[in-house]
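Subject: Structure for you to look at

Hello,

Here is the structure I said I would pass on. Please open it first, then read my notes below.

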Amino acid sequence: FREYEVDRCVFNSSELKDIEYIRSNFYNKLEIARFSSSVGKFVGYTEFGVKQADYWNSQTSIIQQLKAAREAYCLNNVGNAYQAV
């Protein structure tokens with residue numbers, strides 16, 4: 001059994017309003033829940049994921065950290081992606 005998270009940024013320009021931060025939570029290669037900065041909360045995809053998403057959404061500190069990650073994680077690295085292209 002393996003549990004892991006994947007963070008990624010989806011963007012079509014280097015402006016903050018055009019950047020989306022996504023954190024996906026996986027268990028046994030199945031995505032159970034996902035946080036999207038455009039939605040602003042976790043969404044569950046399995047029965048267990050829905051329960052986890054409800055718990056994580058009730059923790060305001062977790063949600064605030066992930067909302068701030070869009071600027072801290074994505075905005076700082078989007079320039080590297082544009083230079084590579």
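Helices and strands here are DSSP runs, with at least four residues for a helix and at least two for a strand, numbered from the N terminus. By that count the protein chain has 2 helices and 4 strands. Their order from the N terminus is β-β-β-β-α-α. Please keep in mind that this is a predicted model.

Overall dimensions: the C-alpha trace of the protein chain spans about 40 × 25 × 15 Å along its principal axes. The chain has 85 residues, and 28% of them are buried. Of the contacts with a separation of 6 or more, 34% join residues 24 or more positions apart.

Now the inside. The largest nonpolar core has 13 residues, and the members that touch the most others are Tyr21, Phe35, Phe42 and Leu66. At least two core residues come from each of strand 2 (19–27), strand 3 (30–36), helix 1 (47–58) and helix 2 (60–84). Helix 2 gives the largest share, 5 residues. What is Leu66 in contact with, apart from its neighbours within four places in sequence? The residues are Tyr21, Arg23, Phe35 and Phe42.

Then the outside. The protein chain exposes about 5800 Å², and 50% of that area is supplied by carbon and sulfur atoms. Val39, Val43 and Tyr45 make a nonpolar surface patch of about 260 Å². Of these, Val39 lies in the loop between strand 3 and strand 4 (41–44).

Regards

Methods. Residues numbered from 1 in each chain as written. Predicted model: local features only at pLDDT ≥ 70, side-chain atom pairs only at ≥ 80, totals over all residues. Heavy atoms only, no water. Core = buried A, V, L, I, M, F, W, Y, C linked by side-chain atoms within 4.5 Å. Buried < 20%, exposed > 50% of the residue type's maximum accessible area, 1.4 Å probe, protein only. Contact = heavy atoms within 4.5 Å. Patch = residues over 30% accessible without salt bridge, like charges linked within 9 Å, V, L, I, M, F, W, Y side chains within 5 Å. Areas by Shrake-Rupley, 256 points an atom, 1.4 Å probe, with all protein chains shown as cover. Salt bridge = Lys/Arg side-chain N within 4 Å of Asp/Glu carboxyl O.
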